[in-house]
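User: Please take a close look at one position in this model and what surrounds it. Then work outward through the contacts and charges that frame it.

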Amino acid sequence: MNILTVEQISKSYGDKVLFQDASFGMEEYDKIGVIGVNGTGKSTFLRIVAGLEVPDSGRVAVNNDVRIACLPQNPDFDPETTVLRQVFQGGDPLLRTVAEYMESVDRLELNPTDEHLQAEVMRLSQEMDRLQAWSLESEAKSVLSKLGITDFGAKVGQLSGGQRKRIALASALIIPSELLILDEPTNHIDNESVAWLESYLQRRRGALLLITHDRYFLDRVCNVMLELDHGRLFRYEANYSRFLELKSEREEREASAEQKRQNLLRTELAWIKRGARARTTKQKARIERFEKLQAEKTEYKSDQLDISVASTRLGRRIVEISELRKSAGDRLLIGELNYTAVPGDRVGIVGPNGSGKSTLLNMIAGRVEPDHGYVELGQTVKLGFFTQEHQEMDDKQRVIEYIKEEAEVITTADGSRITAAQMLERFLFSPTMQWTPIGKLSGGEKRRLYLLRVLMGAPNVLLLDEPTNDLDIQTLTVLEAYLDEFPGAVFVVSHDRYFLDRTVDKIMAFEGDGVVAVHVGDYSEYEERLQLLAKSSEAGTSQGAGGAKGREASSAASDSASQGDKASGSGSQKDQSRVDRLKFSYNEQREYEAIDGLVEAAEERLTEIAAAMEQAASDASRLQELMAEQQEAEAELERLMDRWTYLNELAEKIEQQRSK
């Protein structure tokens, strides 16, 4: 069932066109991920769909029975209210009723004889009954706990920005809705909470529309991708992995179409230069065709980032951490940590929020003093520290001035010199944008600019604190490629499992009670070890509870099997030989005879679809249909190839059996 239709919406800010004539529809079980480079208008797009912002043109039509719950990028908060009360703030009638009921009960406890308050509590109790809202408070506490917030009475104004964002996420999750809209829900939550949220959204009934940079999250949760690219909206019926393939195919088609346009343009230009005069209708038409070709936009190619910057020479001594201890109040963050970095180190730092990960980076950077022990840097170390915050940015300062403060010219690894303006262009800041005040940039564009400034300093040791927050996937992909070539050491705090798997080969895990353990391997390998330890622990508990009984049963089964073997002797081996004799069933024999032809037909079908897609390159609607057909045809070919492999392997075994 269609729950929402977006029809040709457009949005611009001044001269900057975010998107134009964007259209798509949502079904009741669609789980859609919105992706695109920072500054393309993803958050604005979500706000328009949620009804929080009005497009310049076009419309959003929502089914009358559809309720929408939304987590905006920058939620509003009351600093004086408590965590639990903040969850129930907002415009949703259900949440408002719960908030009013809680407020009335609190006032009645202070004035138990007030008849007006008694009547108000009674009225709101009946409304809670009607809305079936009694379970929401316990559900809110459960969700908050899963997101790492357990002090429900804490004042919101005393919490960090990340904690406040998690309160807003909890509020969106508990609202009964047919469409849930989430803007960067994985920012500011730890790996365990991300895994819980991923599982929660996989199970959740109803439609989902979200922005996230977490590629594992997109892959496992979403079944549709919407890409904003140069003001255009593209829809892919796929998860993130399949989207990458389809996007590559689309860009190849567009590049081919552009090449054909350029060839035709050269031919027509040569004809014009020969002095052809517009004397006939045919000649006029040809000139008009040339002018039309010349006027066509050529936005087929995606912008490419390039962050190939130099690093300063690094000596043998890099970072030495010795007997490091650090507490926060009466809570021990780091008990005793010893670690010596080596050239090429890639260390991922993981653990629950508030466990001390950022504190460790700040101690390495010399911004925080340890309680005991020391961190010593080598004489040649030049730190580059990419922090979660960038308060040092002056919103009135222009983009190019901000970069020139760090360096006006840098020398790359191959010896070439690149100016600040040229490097900004490589980071997708056009010459016009370079003179824009920083305050006019989107949050993601500010993060990208900040990253460039850090790298312009030519560091040889990088400290990255949650680098994936607010950076688009394209920037992250290029940052990962940069780290592949970076000769120095890297310490990275991140909850992005894909980023960790892609970039690190050691995990420094904050495991509670001051324990910081170092594990060799990427994050997935670390997670697998934790799961094995958990299973081993469960098995040990189970064996402790009923081990004697299990051992008795195992012993009896072993004795029985042994006696059976002795009794059966060689006659049993002959019987087993007859049982194991292989042969095709009637249906398998028929399938084996036909499988080669079926595979060939499936391959021909894919070739036909590819040719049709080439012809329909300019017809977006037909192209979407063909892409869906291509996906089905590829799945069918894969199924047939699996059967082909099975049947041919079985035929080979049968033939070997006959020859014995």
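Analyst: Here, buried means under 20% relative accessible area, exposed means over 50%, and partly exposed covers what lies in between. The model is predicted.

Start with Ser322. This residue sits in strand E10, which spans residues 319-328. Its relative accessibility is 15%, so Ser322 counts as buried. What does Ser322 touch, leaving aside residues up to four places away in sequence? The partners are Leu337, Asn338, Gly373 and Tyr374. Glu336 gives a distance to go with that picture: Ser322 and Glu336 are 14 residues apart in sequence, and their C-alpha atoms lie 8.0 Å apart in space.

Now the frame around that site. The protein chain has 660 residues, and 44% of them count as buried. It holds 20 helices and 20 strands. Take the contacts between residues at least 6 apart in sequence: 67% of them join residues at least 24 apart.

Lys31 is a second buried position, and a charged one. Its place is in strand E3, residues 31-35. Which side chain of opposite charge is nearest to Lys31? That is Asp30, 8.9 Å away. A salt bridge needs a nitrogen and an oxygen within 4 Å. Lys31 has no salt bridge. Its contacts beyond four places in sequence are Leu201, Gln202, Arg204, Gly206, Leu208, Val221, Cys222, Asn223 and Val224.

Other charges do find partners. The count comes to 37 salt bridges. In one of them, Lys11 meets Glu53, with the closest N and O atoms 3.6 Å apart. Lys11 belongs to strand E1 (residues 2-13), while Glu53 is in the loop between H1 and strand E4 (57-62), so this pair ties together parts 42 residues apart in sequence. Both Lys11 and Glu53 are buried. The link does not stand alone: Lys11, Arg47, Glu53 and Asp56 are joined in a network of salt bridges.

Arg605 has two salt-bridge partners to look at, Glu608 and Glu629. With Glu608, the closest N and O atoms are 3.7 Å apart. Those two residues share helix H19 (residues 586-615) and sit three residues apart, about one turn of the helix. With Glu629, the N to O distance is 2.8 Å. Why does the Glu629 contact tie together separate parts of the chain? Arg605 lies in helix H19 and Glu629 in helix H20 (residues 620-659), so the bridge joins parts 24 residues apart in sequence. Arg605 is partly exposed, at 37% relative accessible area. Glu629 is also partly exposed, at 25%.

Next, the rings. There are eleven aromatic pairs. Phe24 and Phe45 make one of them: 5.7 Å centre to centre, 35° between the planes, tilted. Phe24 is in strand E2 (residues 16-27) and Phe45 in helix H1 (residues 42-50), so the pair ties together parts 21 residues apart in sequence. Phe24 is buried at 5% relative accessibility. Phe45 is buried at 0%. Tyr240 and Phe243 form another tilted pair, 5.7 Å centre to centre with 40° between the planes. Here both residues belong to helix H9 (residues 240-273), three residues apart, and about one helical turn separates them. Tyr240 is buried at 8%, and Phe243 is buried at 3%. Back at Phe24 and Phe45, Phe19 joins them in one aromatic cluster.

Some rings also carry a charge over the face. Arg220 lies over Tyr216, at 4.6 Å from the ring centre. The charged end of Arg453 sits over the ring of Tyr402, again 4.6 Å from its centre.

Last, confidence. The chain averages a pLDDT of 82, and 84% of the residues score at least 70. Residues 278-282 fall below 50, and this stretch has three contacts in the model beyond near neighbours in sequence. Residues 546-580 stay under 50 too, with three contacts beyond four places in sequence. Where pLDDT is low, the predicted coordinates should not be read in detail.

Note on methods
Residues are numbered from 1 along each chain as its sequence is written. This is a predicted model: local features need pLDDT of at least 70, side-chain atom pairs count only at pLDDT 80 or more; totals for chains, interfaces and linings use all residues. Side-chain values use heavy atoms; hydrogens and water are left out. Helices (H or I, at least four residues) and strands (E, at least two) are DSSP runs, numbered from the N terminus. Buried means under 20% relative accessible area, exposed over 50%, partly exposed in between (1.4 Å probe, protein chains only). Lys and Arg count as positive and Asp and Glu as negative; His and the chain ends are not counted. Contact means heavy atoms within 4.5 Å. Rings of Phe, Tyr and Trp (its six-membered ring) pair if their centres lie within 6.5 Å; planes under 30 degrees apart count as stacked, over 60 as edge-to-face and the rest as tilted. A charge sits over a ring if NZ of Lys or CZ of Arg is within 6 Å of the ring centre and within 35 degrees of the ring normal. pLDDT is the predictor's confidence in each residue, from 0 to 100.
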